[in-house]
Amino acid sequence: MASTKHALFPEEQVSLAAFAGALAHPARIAIIGLLQERKEVCCGDIVKELPLAQATVSQHLKALDKAGLLHLRECGPKVCYSLNCEAIRSFCHSFQCTLGTDQADHSAELEPAADCANRRS
């Protein structure tokens, strides 16, 4: 039933909501911060840094991956994660456009995201 409700909204709004939802947990914010700091981290190393069970960390990583925030790389039996910076920049830009808070002086930081004027129509 939820998918039919999503059909009532433009695809960009559904995507923004999914992306924002993936960030809506403190553990996921902590994982994002850890990946930002270290660039690439294997699941076991994330578990060592957070006060969570391995299964819980894996669930959070899955949610972040499903939303497109992560890149995965298999390292033998391990999986290593890094941030999908382009997707994050694009999300931030789209969200700013949605809120009407985009500013021309930040455009260099957000390239190559699409122009906000095209998204407000």
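The following is a dialogue between a colleague and a modeller about a predicted structure.

Colleague: What conventions apply to this model?

Modeller: This is a predicted model in which local features need pLDDT of at least 70 and side-chain atom pairs count only at pLDDT 80 or more, while totals for chains, interfaces and linings use all residues. Residues are numbered from 1 along each chain as its sequence is written, and side-chain values use heavy atoms, with hydrogens and water left out.

Colleague: How many helices and strands are there in the protein chain, and what pattern do they follow?

Modeller: The protein chain has eight helices and three strands. A helix here is a DSSP run of H or I with at least four residues, a strand is a run of E with at least two, and both are numbered from the N terminus. Along the sequence the pattern reads α-α-α-β-α-α-β-β-α-α-α.

Colleague: What makes Cys42 and Cys80 a disulfide?

Modeller: A disulfide is a pair of cysteine sulfur atoms within 2.5 Å. The sulfur atoms of Cys42 and Cys80 are 2.2 Å apart, and the two residues form a disulfide. The structure holds one disulfide. Cys42 lies in strand β1 (residues 40-42) and Cys80 in strand β3 (residues 78-83), so the bond ties together parts that are 38 residues apart in sequence.

Colleague: Why is Cys42 called buried?

Modeller: Buried means a relative accessible area under 20%, exposed means over 50%, and partly exposed lies in between, computed with a 1.4 Å probe on protein chains only. Cys42 has a relative accessible area of 12%, so it is buried. Cys80, at 4%, is buried as well.

Colleague: How do you know that Cys43 is in no disulfide?

Modeller: The nearest cysteine sulfur to that of Cys43 belongs to Cys42 and is 8.6 Å away, so the pair does not meet the cut-off for a disulfide. Cys43 has a relative accessibility of 13% and therefore counts as buried.

Colleague: Is Cys92 buried, exposed or partly exposed, and what makes it so?

Modeller: Cys92 has a relative accessible area of 36%, and is therefore partly exposed.

Colleague: How does the span of helix α6 compare with what is expected?

Modeller: The expected span of a helix is 1.5 Å times one less than its number of residues. Helix α6 (residues 85-99) has 15 residues and reaches 21 Å from its first C-alpha to its last, close to the expected 21 Å. Gly100, whose phi is positive and near 75°, follows α6.

Colleague: Which residues of α6 are buried, and how do you know where on the helix they lie?

Modeller: Phe91, His93, Ser94 and Cys97 are the buried residues in α6. Seen down the helix axis, they fall within an arc of 165°, so they line one face of α6. The arc is that of the directions from the helix axis to the C-beta atoms.

Colleague: Why is the arrangement of α3 and α5 called roughly perpendicular?

Modeller: The axes of helix α3 (residues 26-38) and helix α5 (residues 54-66) come within 10 Å and cross at roughly 75°. Such axes are lines fitted to C-alpha atoms, for helices over the stretch in contact, and the angles run from 0 to 180 degrees between N-to-C directions. Angles under 35 degrees count as roughly parallel, over 145 as roughly antiparallel, 65 to 115 as roughly perpendicular and the rest as oblique. The crossing angle therefore makes α3 roughly perpendicular to α5. Ala27, Arg28, Ile31 and Ile32 of α3 make the contact with Val57, His60, Leu61, Ala63 and Leu64 of α5.

Colleague: Which residues are in contact with His60?

Modeller: Contact means heavy atoms within 4.5 Å. Leaving aside neighbours within four places in sequence, His60 is in contact with His25, Ala27, Arg28, Ile31 and Leu52. His60 has a relative accessible area of 8% and is therefore buried.

Colleague: What makes Leu34 buried and Glu49 partly exposed?

Modeller: Leu34, in helix α3, has 9% relative accessibility and so counts as buried. Glu49, in helix α4 (residues 43-49), has 45% and so counts as partly exposed. Their C-alpha atoms are separated by 8.5 Å, with the residues 15 apart along the chain. Beyond neighbours within four places in sequence, Glu49 is in contact with Leu34 and Arg38, and Leu34 with Lys39, Val41, Ile46 and Glu49.

Colleague: Why is Lys39 called exposed?

Modeller: Lys39 has 55% relative accessibility and therefore counts as exposed. Lys39 is placed in the loop between α3 and β1, and its phi is near 75°, a positive value in a residue other than glycine.
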